[in-house]
Amino acid sequence: MKIQVYAILSCFILSFDLVGQTAIDFTFTDTQGQQHQLYEDYLDQGKTVLVDFFFVDCPPCNVFAPLLQDIYVDWGEGQEDVEFFSLSTKAWDSNADVKGYEDMHGLTNPGAGVDGGALDIFTTYLESEFGPIFGSPYFMVIAPNGTVFTDVDGPGLLGRIDAINQAITDAIALTDTVVVEPDPVLTFNLDLKDTKGNQVNDVTYTLRSSEGSGPSYTITPDFFGNVTIIDFESTYPGLIDPVIAFTKDGNYLDGVFTTDIILIMRHLLGIQPFDKDYQFVAADVSNDLNVTAADMSIIRKNILQQQDGFPSGVSWKFNPSQVSIDPLSTHDIEFQVEAIKIGDVNRH
Ligand SMILES: [Ca+2]
Ligand SMILES: [Ca+2]
């Protein structure tokens, strides 16, 4: 890359180097009190930035300043996709000194002195892979993708102007080839039905970490059970191995009648054993993973209103009780979930 750039540019006797490292972020406060952050305010917004390292008493800087202002105006004076920063490299240039310099030359681009953070930025770049930095003014151009064109210069004032214009043009051209990754979209379908294959309403869908600690979020699938999440990490931050868990409470006596007690008894006596998986879950109202006479007793007490609710504290169970979500998945996923009404072993 570097060799090619030299080969092409040697025809124009302009030069700049491309360093194989992206720009180091920085923030400064200009002479108007405005703060500027390189990436957040500019590069990430698709803007190209020219950095002008100068100092107030530098003769070549003073000579070039009005020409730099002309170039700045040609590139939209900061109103379009190019911005210029004039940053003093000297510890004795305050923002007030730089303000005087700006006024003297009619400069309208953001500039800063030592108290605005300019020297820190210069020192950072000087001591980085982007150094050494010789001469004042010294120009570098930073493309929106972070590529830095260092030591932008050419022979004489016109050569310098051409080099700056060329570097900005090349930086913008780099932008044009940047592929903007769309936010990842995660889609899945929660096909949640009861044991008769009917849709179940009033289910709470909780998105949380599989361990159960940390943040949790309630999500709402559409009528068909579809969930679409754009940029999962930003929308639901702080989740580790995310899962969706299901809960449905209330109306614990729905579908629970004396016939259910009789069916459990017939199962226990071996007269009419359960033949559906859901029946074992539904019959176990005591939540001890066994179907026993104790389950019959609890149901009876509830029907007679001697007891209010089941020991599990829920009126529905789900198989599976939760599903794992892969936030990076790019294809549609369908989860089949069976909702089982506790206590109702014959589904009516
Ligand atoms: Ca039980
Ligand atoms: Ca029933």
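**Helix packing, cores and sheets in a two-domain model**

The buried residues of helix H8 pack against two other helices, H9 (277-283) and H10 (293-303). In this predicted model, helix H8 spans residues 258-268, and its buried residues are Asp260, Ile261, Leu263 and Ile264. Viewed along the axis of H8, these buried residues fall within an arc of 160°, and they therefore line one face of the helix. The spacing of such residues can be understood from the geometry of the helix: an α-helix has 3.6 residues a turn, so residues three or four places apart point the same way. Just after H8, glycine 270 takes a positive phi of about 80°.

The domain assignment divides the protein chain into domain 1, covering residues 2-176, and domain 2, covering residues 185-341. The centres of domain 1 and domain 2, taken over C-alpha atoms, are separated by 62 Å. A separation can also be followed with a pair of residues, since isoleucine 168 and threonine 187 are 19 residues apart along the chain, while their C-alpha atoms are separated by 41 Å.

A second helix, H5 (residues 118-126), has Ala118, Leu119, Ile121, Phe122 and Tyr125 as its buried residues. These cover an arc of only 160° around the axis, which puts them on the same side of H5. The elements that cover the buried residues of H5 include strand S2 (27-29), strand S4 (48-54), strand S5 (82-88) and strand S6 (111-112).

Isoleucine 168 belongs to helix H6, which runs over residues 156-176. Isoleucine 168 counts as buried because it has 24 C-beta neighbours inside 10 Å, where the cut-off is 20 or more. When residues up to four places away in sequence are not counted, isoleucine 168 touches Thr48, Leu50, Trp75, Val82 and Val141. Alanine 167, under the same exclusion of residues up to four places away in sequence, touches Phe16, Val141, Phe149 and Val152.

Alanine 167 is also one of the residues with the most contacts inside the largest nonpolar core, together with Val51, Leu87, Val141, Ile142 and Val152. This core has 48 residues. Apart from it lies another core, of 26 residues, among them Leu263, Val285, Ile298 and Ile299. Of these, Leu263 has already been named among the buried residues of H8. In soluble globular proteins, nonpolar side chains tend to be buried together.

Two open sheets were also examined. Four strands form an open sheet in the order S12-S9-S16-S14, and the pairing in this sheet is mixed. Its edge strands, each of which pairs on one side only, are S12 (226-230) and S14 (316-319). From one strand to the next, the twist of this sheet averages 30°. Strand S9 (residues 185-194) and strand S12 run antiparallel and are joined by five bridges; within this pairing, threonine 187 has threonine 228 of S12 as its bridge partner.

In another open sheet, four strands are arranged in the order S11-S10-S13-S15, with antiparallel pairing. Strand S11 (216-219) and strand S15 (322-324) are its edge strands, each pairing on one side only. The twist here averages 25° from one strand to the next. Six bridges connect strand S10 (residues 204-209) with strand S13 (residues 242-247), and these two strands run antiparallel. Threonine 204 stands opposite threonine 247 in S13.

Technical notes
Residues numbered from 1 in each chain as written. Chains lettered and ligands numbered in written order. Predicted model: local features only at pLDDT ≥ 70, side-chain atom pairs only at ≥ 80, totals over all residues. Buried ≥ 20, exposed ≤ 12 C-beta atoms within 10 Å, placed from the backbone. Arc of directions from axis to C-beta. Contact = placed C-beta atoms within 7 Å. Core = buried A, V, L, I, M, F, W, Y, C linked by C-beta atoms within 7 Å. Domains from an automatic or database assignment. Pairing = 2+ DSSP bridges. Axes fitted to C-alpha atoms, helices over the stretch in contact; angles between N-to-C directions.
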